Structure formats: structure tokens, C-alpha cells
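User: I would like to go through this structure with you, beginning with the contact between its chains. Please keep the answers plain.
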Amino acid sequence: MAYQIVAACTNCWACQPLCPSEAIYPAAPHFLIDAKRCTECDGAYSEPQCAAICPIEAAIVDSQGVAVNPPGSLTGIPPERMAAARAEIGAR
Amino acid sequence: MSDKVTQLQSEPEEGGCTKSGCGAGSEPLSHLPEAIRQKVHNHPCYSEQAHHHYARMHVAVAPACNIQCHYCNRKYDCANESRPGVVSELLTSQQAVKKVLAVAANIPQMTVLGVAGPGDPLANPERTLGTFRELAEKAPDIKLCLSTNGLALPKHVEEIAALNVDHVTITINCVDPDIGAQIYPWIFWNNRRVRGRKAAEILIEQQQRGLEMLVAKGVLVKVNSVMIPGVNDQHLKEVSKVVKAKGAFLHNVMPLIAEPEHGTFYGLMGQRSPNNAELQALQDACAGDMAMMRHCRQCRADAVGMLGEDRGAEFTLDKIETMEIDYAAAMERRAQVHAQIEATRSAQAAQVQQGGETLVPISILKRPKAEPPLRPLLVAVASEGMGLVNQHFGHAREFLVYEASTQGVRFIGARKADNYCDGGDSCGDGDAKWSAILKALEGCEVMLCSRIGMGPWEKLEAAGIEPNNEYPMEPIEAAVAAIYRQWQEAGRLHRAAAPRNALSA
């Protein structure tokens, strides 16, 4: 049972000092979670702290590989709107 | 830089502008108590006068943020972008201190070091305050300031005051949680992500408490607000009243920056930015209650140099590594350069008080009552600093806009001509550049610069804007006053502005 930081991470450091298990550490190209230490904040906080402050959608996934903050959940930008804009800007 | 120093030393002691000579609006801080004016006298971000002479820098030591704003995208880094929240190189406190000392040695006009992001300075208290602590020791002449969203402010007020950080900017976009809920999708508070109206309520409460606590400690507080049409534009008048009542000394209403390519909520959802006329109208409406800042350039969280310029590329980490700096000598040199700047400024002020010729014309304009009223005139100016008309039109990346009227000459704002981009090959063609320039010159009838090529001259004329290169190296406000007098004598101010370049509503 452990969370994982994946490629979308922007290395903003917000999560690192919050982790009650000191499981998060800076690494290249992005921060990582030590799976042996991570408890998903079970018993410590009602919300896993890294996922509760992370500003980047889909940067943290659970043990099943599912994004804890799925696309659209933090910015409010509907994923289809984001995809359309990306296509439009890419075509310029 | 040595050439800069030479320029300062040979600076002609020509007339400039002070409160008495240039009309009430010229220096918006002229009504403030002497103690506050002393504090901001050489701070380019707080004093419109100072920004012509002094430089500032931001160090990007604060990557983490504790809230999300709809005008911000936390993924962004583009070297060509100049706007808040964007940086190229994140620094540790130690690296930041090294960079500040290097910049302050090479740009002796520097007076101010700010921490403004790219996240929130107080969401990274160790990095931010650690940088301040070390700098206070190594470069005690540099003023320290920070710019925060205010959420974590109350718990850090003590330390901010103890470190002599005497300028703090709080971004306050609303005092009404229903409006806040449309600007902030979430905040991180007490170990939870809080959303919606509740989030805005907490944020507003912390901002207001932080403001009150700072004022009680004697820390100068400026309030920044982002004008978001249809969301908080009308509401900002109320914000201005509230923050003034609580003791903020300056309000900076800035236009929303929102383009789809920025990847922000507002950019992607089609939220529009205000135009120049709307921004000016709101600033004027808020000005009834409070001193307004109009020279903000909405700079990057790692900006370096005079406002409106960014010399960050000269001071990357690898370049700093190779610089040899004598810190004590650098501080001494700064003191000398600042003394020269102050001598120039006092000479300008003294000249005006003695009825210096350059600024008299504006008072002559107060015509007998029977005359029909004269309309105001907007003049765009290309300037590299020192308060002078000293820039080639083709080199201008922004224009300073002044309004001349029978009341005097007042500064309206700085408008970027490069559409928040450096206009390089990758960033749009010549036509796009021209449309950005003409947009920046909206409402202006005169373009004042030291030199200008024939092609641009004709293009400006065709757009209904009169180019003027007759005042090279002259003080800006005197030149604008002289132009106003010429227009008045030629009877050009009795009729309405030429419709071609009239302000759009």
C-alpha cells in the first residue's frame, strides 16, 4: 500500500515537508515516494497529505496506478476542453 | 555596469517632475506621511518616481503553493514569457543569496530584493525567510520584500517584522467569498484540500487578518488585485475601500493575463482580459479611496533589472559561478550610485520648486473661465529610464502612457508592446508585433521617443498616432507638457479626439 509520484510532477516541493512518514524525497527527473515508508497517511490524516496539496493533476497515483487527482479535478478545466485547446494550439 | 555609472555621472541636471510641478496624479504617494515616503523613496515597485531610477530583482526560491488561482498554471516555464508565476531556474536559499550579491554588484542601481514565487513565498517559509536572513547580514543595504496570497501570512507576521522585511504585498482579489469561489478552486488548509466558497472564506479571513497584523507592526502593505472582467471588476472598488480602511498604503489593480496557450483555467475557458480603457477606468474609480499604483509590469518571479527590463539571462547559476565579486566594494559602489541618483532627483525637485521653466507651461494652461474646456491628451513614451525620453521607438518593448490635461501631467500606466513575449522568431511575425504595438498605443495620440525610423513613422501616422522625436533626453513630463501646450496653441484640443485611435470602451 503506497502512493507513487509519476512523470507529471513539476518538482514544486509542496508535498515533501508534509509527509508524516518522511517517505518523499527529491530525485531526477522528479520527486519519488519510498514505497516501504508510505502509509498513505493511514491513521495520521484524513487525507493523504501529498495528494491533498499537489497542484498537478495525475502526478500522484495510488497502488492501483489510478490518479488520486484525476484530470479536471484540481484546475476545473474539463479534460475535453484541455484536449481541444492543445490540438488547436498545436495546429498553429 | 561601468557604462551605466558613466551615464549616471554625466546625467544633466535637467528639470524633472515632482509632486508640486506635475499635477496631483503624478506621484500617487505624495499625500502619504513623510515616514512612509522615506521608506518607499527608492523602491521601484512602490514608487512611480523611483522606478525610473532604481532596479529590483526577484529570486525564485519559493516553488510550493498552498492555493490554486484560476489565472495560474503551475506547470509553466517559458524564457520568453514575462508574467507572475513563471521562472526558468529554481534556486535554493544559498544559490539565491549568491545570485543577489552578484546582481547587486553588477547593477548598482539595485535597491530591492523580492521573493514572489513561483509559488507562494510563505508556503516555503524556510527557503524564503532563510534567504532574507542571510541577505540581511551580507547586504544590509538591500531592501527585502515579499508578495503573498496571504493564506499563511498571520502565522509568519512576527518573523517577517523581526527580519525587517518592511514591504509586503498581499494579492487580494475579493472580500466576498461568493466572488472568491469563482477565482480560487481550492486551498490547502489545516492538512486538507478545501474547495469552493468555504476555501474562499478562509483565504479572505487570513488575508484580512494578515493585513491588520502587518499594519499593527508598522510593515508597509501594498495590495495587488487582478481585474477579472465579469468576476471581480466592480467588486474591486469595495476591496480598495476595505484595504485602505485597514491601513494598506497602496493598491495595485492589474489586468488579468489569460491566453489559451498559458494553460490556465481562465485562458482555456475563454475568460477575457480587460482592455486598457477598462483598466484605467477602474483604477481611476478606486483612486478616489486610495493611492493607486499604475507602473506595475507584472514581472516574472525571477525578474532582474529595472522594471520593464529583464536581465535574468545574464545571471544564470553557471554564469554567477564564474563571477568574482568583492562584496564590500560592491556595497560601497551602490551607495555612491544611489547618492548620485538622489543628487539628480533633488536637483530636479529643486529646479521645479524654483519655478523651473520646463514645468511651468502646464500651469499656464489654466485658461480664463470663458474658454471652452480642453480635452486631455494621451501621450505614449519610449524610455529606458531616468525619467527621460531616451529610447529609440524600435527598441521599445513597452510604452509609458501619460495623460496631459489642464490639471497637469499624470502617469497612467505602462503598456507592454510585445504581448508578454519577446517577439523573437518563435513568437509571431512582424504583423503580430505591429498589432501588439497598436493595441498598446490604444487611445494615444502622440508617440514620444528619442528616434524613430521612417517606416514606423508612416505606419504610426496611418494609425492616427503622431510620432514625435523632438525631445530626445528631455524629462518625460516636461516634454509631455510642452506637447500639450503646442496642441492647445494650435487649437487641437477643443475638438474631440480623432476617432481612429479613440479609446474603445
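User: How many salt bridges are there between chain A and chain B?
Analyst: The count between chain A and chain B is one salt bridge, a salt bridge being a side-chain nitrogen of Lys or Arg within 4 Å of a carboxyl oxygen of Asp or Glu. A:E47 pairs with B:R192, and their closest N and O atoms are 3.5 Å apart. Please note that this is a predicted model, in which local features need pLDDT of at least 70 and side-chain atom pairs count only at pLDDT 80 or more, while totals for chains, interfaces and linings use all residues. Residues are numbered from 1 along each chain as its sequence is written, chains are lettered from A and ligands numbered from 1 in the order in which they are written, and side-chain values use heavy atoms, with hydrogens and water left out.

User: Which elements of chain A give two or more residues to the side that touches chain B?
Analyst: These are α1 (49–53) and α2 (79–90) of chain A; helices (H or I, at least four residues) and strands (E, at least two) are DSSP runs, numbered from the N terminus. The most comes from α2(A), with five residues.

User: And how many residues does the contact take from each chain?
Analyst: Chain A supplies 29 residues and chain B supplies 23 residues, where contact means heavy atoms within 4.5 Å. The two chains bury about 2100 Å² between them, 57% of it on carbon and sulfur atoms; buried area is the accessible area (1.4 Å probe) that two parts lose on being put together, summed over both.

User: Changing topic: which residues touch the most other members of the largest nonpolar core?
Analyst: Of its 54 residues, B:V59, B:M110, B:L113, B:F132 and B:L214 do so. Helix α3 (residues 93–106) of chain B gives the most to this core, with seven residues. A nonpolar core is a set of buried Ala, Val, Leu, Ile, Met, Phe, Trp, Tyr and Cys residues joined through side-chain atoms within 4.5 Å. Buried means under 20% relative accessible area, exposed over 50%, and partly exposed in between (1.4 Å probe, protein chains only).

User: What does B:L214 touch?
Analyst: Not counting residues up to four places away in sequence, B:L214 touches B:L153, B:V157, B:I160, B:V168, B:I170, B:V219 and B:V221. B:V157 is placed in helix α5 (residues 157–162) of chain B.

User: Why does B:V157 count as buried?
Analyst: B:V157 counts as buried because its relative accessibility is 1%. Leaving aside neighbours within four places in sequence, B:V157 is in contact with B:G210, B:M213, B:L214 and B:K217.

User: Back to charges. How many salt bridges are there over all chains?
Analyst: A search of the whole structure finds 17. One of them joins B:R133 and B:E159, with the closest N and O atoms 2.7 Å apart. The pair links distant parts of the chain, with B:R133 in helix α4 (residues 125–138) of chain B and B:E159 in helix α5 of chain B, 26 residues apart.

User: What about B:D141 and B:R334?
Analyst: Their side chains meet in a salt bridge (2.7 Å, N to O). B:D141 lies in the loop between α4 and β4 (143–148) of chain B and B:R334 in helix α12 (residues 327–353) of chain B, 193 residues apart.

User: Is B:R334 buried or exposed?
Analyst: B:R334 counts as buried, because its relative accessibility is 3%. B:D141 is partly exposed, with a relative accessible area of 32%.
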